[in-house]
Amino acid sequence: MLTIYSDDHHLHHGRCELMDGQLMPCFEMPSRADHVLARVQYRRLGPVEAPQDFGLGPIERIHSRDYLDFFKGAWARWTEFNTDGDLLPYTWPARTLRRIMPTSLHGQLGYYSFDGGAPITAGTWQAAYSAAQVALTAQAVIQRGARSAFALCRPPGHHAASDLMGGYCYLNNAAIAAQAFLDQGHKKVAILDVDYHHGNGTQSIFYERSDVLFTSIHGHPQAEFPFFLGYEDEHGEGAGEGFNFNYPLPAGSGWDSWSAALEQACKEIEKYGADIVVVSLGVDTFKDDPISQFKLDSPDYLAMGARIAGLGKPTLFVMEGGYAVEEIGINAVNVLEGFERAQ
């Protein structure tokens, strides 16, 4: 299996995130991708190549121009304050406030953010842009006939909506790739999100559409981030009614209950008749992940990959979460190896 990877991810290294009432060192760090890459190479999964540059066009198919302009220029505006530190939001347009666009940097950052977990640094735009190109390059490999490819993206993307960043995510790599498949002639794309946290951004992007089926297995949002999306009764709206399936599970869930949810999701994908499957590959379902509460063990990821292979569709894996840094490479590559062995 070909892996697409860019060293540009090192340009994004946030100092802190807001969590549990304090500024903490970021769980989303460069060593995450480094460990996955090292495991890919150690296991000789296949060649590793740098991404091509497809420009902003495919990104603009998912993200609004206003949002992209803000994100691209935010750091330069922040440096005018002559303040040391990352750029983080501290106010948001909550329910009783107007959704209006201020002129100030901080007001606009709050408008385009939904939490304090997506710091902007000097290199964040370039890292996120390169991650999108990683996904698009892997997508192009499959478009040319490969049965699978791995987009080793960092920063991750599935929490990013069309004009909203948060949850460590800025550009939605999986959604950008899915749209590229559609733009290049495919009629039906299925997204399977196996990250511990619900892919709220991906869901919102495709919620009123029938050309992308979204399925997600995740910690129940009654108790888990992002809290305000990912419930069982969210089935899509308008043209998208019946094309969104969430499988929230309680904290402590292990492979038995998780794999049962995976089976349900796979049956929906099979019934949908997808041309392509895009997997948002988060491995923060691991039993020792520091910010998640499932109990999957490393061998379970081999079985996960095998079941995904059973769909019999060209499959693009896009890296998302996973914060047990020492094990992230083992678990992510186990999914890919399980997939490869089962084909």
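Which residues of H9 are buried? In this predicted model, they are Ser-298, Asp-300, Tyr-301, Met-304, Gly-305, Arg-307, Ile-308 and Ala-309. Helix H9 itself covers residues 298-309. The buried residues of H9 pack against three strands, E6 (189-193), E9 (276-281) and E10 (315-319), and against two helices, H8 (255-272) and H10.

The length of H9 can be checked against its residue count. With 12 residues at 1.5 Å a residue, H9 should span 16 Å, and its end C-alpha atoms are 18 Å apart, which agrees.

H10, one of the partners of H9, also meets a helix from the beginning of the numbering. The axes of H1 (residues 30-42) and H10 (residues 325-342) come within 8 Å, with a crossing angle of roughly 45 degrees. Angles under 35 degrees would count as roughly parallel and those from 65 to 115 as roughly perpendicular, so H1 and H10 are oblique to each other. The crossing of H1 past H10 is right-handed. On the H1 side, the contact is made by Ser-31, Arg-32, His-35, Val-36, Arg-39 and Val-40. H10 contributes Val-325, Glu-326, Ile-328, Gly-329, Ile-330, Ala-332 and Val-333. Sorted by class, this contact of H1 with H10 holds 7 nonpolar, 3 polar and 3 charged residues.

A second helix pair involves H3 (residues 65-79) and H5. Their axes also come within 8 Å, and they cross at roughly 130 degrees. That angle makes H3 oblique to H5. Leu-68, Phe-71 and Lys-72 of H3 form the contact with Thr-124, Trp-125 and Ala-128 of H5. Of the residues in the contact of H3 with H5, 4 are nonpolar, 1 is polar and 1 is charged.

H5 runs over residues 124-143 and includes Ala-127. Is Ala-127 buried or exposed? Its relative accessible area is 0%, and a residue counts as buried under 20%, so Ala-127 is buried. Leaving aside residues up to four places away in sequence, Ala-127 touches Asp-8, His-9, His-12, Arg-154 and Pro-155. As for Tyr-170, which lies 43 residues from Ala-127 along the chain, the C-alpha atoms of the two are separated by 9.8 Å.

Methods. Residues numbered from 1 in each chain as written. Predicted model: local features only at pLDDT ≥ 70, side-chain atom pairs only at ≥ 80, totals over all residues. Heavy atoms only, no water. Axes fitted to C-alpha atoms, helices over the stretch in contact; angles between N-to-C directions. Helix = DSSP H or I, 4+ residues; strand = E, 2+ residues; numbered from the N terminus. Parallel < 35°, antiparallel > 145°, perpendicular 65-115°, else oblique. Left-handed = near helix turned anticlockwise from the far one by under 90°. Contact = heavy atoms within 4.5 Å. Nonpolar A, V, L, I, M, F, W, Y, C, P; charged D, E, K, R; others polar. Expected span 1.5 Å × (residues − 1). Buried < 20%, exposed > 50% of the residue type's maximum accessible area, 1.4 Å probe, protein only.
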